[in-house]
Amino acid sequence: MTVTLGFDVEEFDFPLERGREIDFDTQLAVSSEGLEFLLDLLARLELRATFYTTANFALHRTDLVRRIVAGGHEVASHDYYHGLTAGSDPAGSRRTLEELTGLRIVGYRAPRLAAASSAALAAAGYRYNSSINPTWILTRYNNLRAPRSVSREEGLTIYPVSVSAPFRVPLFWISLHVMPLPLYKLLCRSALRRDGHLNLYFHPWEFSARLREPAFGVPGYLTHCSGADLQRKFTRLLEWLKARGCRFSTTREYLGCDE
């Protein structure tokens with residue numbers, strides 16, 4: 001049983017989506033606070049993960065990108081910018097991240113799990129895409145017919161994020177906020193039994209103590225379990241998975257992209 005943890009490292013622009021103002025320095029500070037917690041936690045538990053990073057964040061916080069690499073984690077692309085009005089530039093993101101890390105970047109995840117052309121990503125030098133959530137989310141997407149496990153398309157490996165079995169309940173970041181931990185564990189077990197792996201994704205900014213600041217306009221279903229509360233809940237989840245004998249791997253290693 002393999003667990004691939006994915007963290008979307010991006011500018012904290014969630015308030016902008018809700019019509020709130022937030023300056024870029026604050027966006028970086030909130031995301032950086034959560035990222036530092038995650039790097040410390042993974043180091044303490046001796047676990048590795050994949051950090052899907054926007055080139056924009058990496059250019060402004062190269063110190064944290066170096067910490068990701070030094071911790072033995074994978075750096076993958078989360079496109080160049082995360083903003084809703086920003087144009088997609090996976091090729092430019094890959095070049096920038098490779099220049100900053102000195103490593104080959106093979107993985108991609110689109111902001112907000114938007115649709116991405118497999119042919120275009122393969123042409124840009126990527127080997128896998130983890131942008132599919134194979135479920136139905138109101139106003140977001142309907143991927144109930146998409147493969148729930150690893151597949152191939154246009155020369156690219158498609159690695160969806162995990163959903164429960166047999167019903168495709170999403171195990172994404174919001175679920176950890178709103179579900180009691182025993183229920184979330186139960187759904188994780190069902191996915192492990194069905195697929196043999198668990199591909200979970202979160203955002204560093206979720207773990208920031210600042211998420212409850214009224215000016216950000218973050219809804220209560222997220223803030224009721226955020227900051228230190230979410231940190232404790234997430235820690236218990238990782239300790240439970242580790243105690244069950246799960247192997248934690250970077251995505252590129254699990255998919256064989258190091259070969």
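## Exercises on a predicted model

Strand E1 (2–9), helix H7 (173–178), strand E10 (197–202) and helix H10 (227–243) are among the elements that cover the buried residues of helix H8. Keep in mind as you work that this is a predicted model.

**Exercise 1. Describe helix H8: its span, its buried residues and what follows it.**

Step 1. Start with the span. H8 runs over residues 181–195, which makes 15 residues. From its first C-alpha to its last it reaches 21 Å, close to the 21 Å expected at 1.5 Å a residue.

Step 2. Now list the buried residues. They are Leu-181, Tyr-184, Lys-185, Leu-187, Cys-188, Ser-190, Ala-191, Leu-192 and Asp-195.

Step 3. Look at the spacing along the helix. An α-helix has 3.6 residues a turn, so residues three or four places apart point the same way.

Step 4. Finish at the end of the helix. Gly-196 follows H8, and its phi is positive, near 80°.

**Exercise 2. Do the same for helix H5, and find what its buried residues pack against.**

Step 1. H5 covers residues 90–101 and has 12 residues. Its reach, first C-alpha to last, is 16 Å, close to the expected 16 Å.

Step 2. Its buried residues are Pro-90, Gly-92, Ser-93, Arg-94, Thr-96, Leu-97 and Thr-101.

Step 3. These residues pack against strands E2, E3 (74–77) and E4 (107–108), together with helices H3 (55–60), H4 (62–70) and H6 (118–123).

Step 4. Just after H5 comes Gly-102, with a positive phi of about 75°.

**Exercise 3. Is Thr-50 buried or exposed, and which side chain makes a polar contact with its side chain?**

Step 1. Place the residue: Thr-50 lies in strand E2, residues 50–53.

Step 2. Apply the cut-off. A residue is buried when its relative accessible area is under 20%. Thr-50 has 0%, so it counts as buried.

Step 3. Find the partner. The side chains of Thr-50 and Glu-74 are joined by a polar contact of 2.8 Å.

Step 4. Add the surroundings. Leaving out residues up to four places away in sequence, Thr-50 touches Leu-5, Gly-6, Phe-7, Glu-74, Ala-76, Tyr-128, Thr-250 and Thr-251.

**Exercise 4. Work out the setting of His-177 in the same way.**

Step 1. His-177 lies in helix H7.

Step 2. Its relative accessible area is 1%, so His-177 is buried.

Step 3. Its side chain makes a polar contact of 2.7 Å with the side chain of Glu-206.

Step 4. Beyond its neighbours within four places in sequence, His-177 is in contact with residues including Tyr-221, Leu-222, His-224 and Cys-225.

**Exercise 5. Find the residues with the most contacts inside the largest nonpolar core, and the helix that gives the most to this core.**

Step 1. The largest core has 69 residues, and Leu-5, Phe-202 and Phe-234 have the most contacts inside it.

Step 2. Helix H2 (residues 24–45) gives the most, with nine residues.

Step 3. Zoom in on Phe-234. Among the residues it touches are Phe-7, Leu-38, Leu-41 and Phe-207.

Step 4. A second, separate core has seven residues, including Tyr-52, Tyr-128, Tyr-159 and Cys-257.

**Exercise 6. Why is the chain as compact as a globular protein of its length?**

Step 1. Count the elements: the chain has 11 helices and 11 strands.

Step 2. Compare the radii. The radius of gyration is 17 Å, close to the 18 Å that the globule rule gives for 259 residues, so the chain is as compact as a globular protein of that length.

Step 3. Add burial: 58% of the 259 residues count as buried.

How values were computed. Residues are numbered from 1 along each chain as its sequence is written. This is a predicted model: local features need pLDDT of at least 70, side-chain atom pairs count only at pLDDT 80 or more; totals for chains, interfaces and linings use all residues. Side-chain values use heavy atoms; hydrogens and water are left out. A nonpolar core is a set of buried Ala, Val, Leu, Ile, Met, Phe, Trp, Tyr and Cys residues joined through side-chain atoms within 4.5 Å. Buried means under 20% relative accessible area, exposed over 50%, partly exposed in between (1.4 Å probe, protein chains only). Helices (H or I, at least four residues) and strands (E, at least two) are DSSP runs, numbered from the N terminus. Contact means heavy atoms within 4.5 Å. The expected span of a helix is 1.5 Å times one less than its number of residues. The radius of gyration is taken over C-alpha atoms; the globule rule is 2.2 Å times the number of residues to the power 0.38. A polar contact is a pair of N or O atoms within 3.5 Å; within protein, one must be able to donate a hydrogen and the other to accept it, and residues adjacent in sequence count only if both atoms are side-chain atoms.
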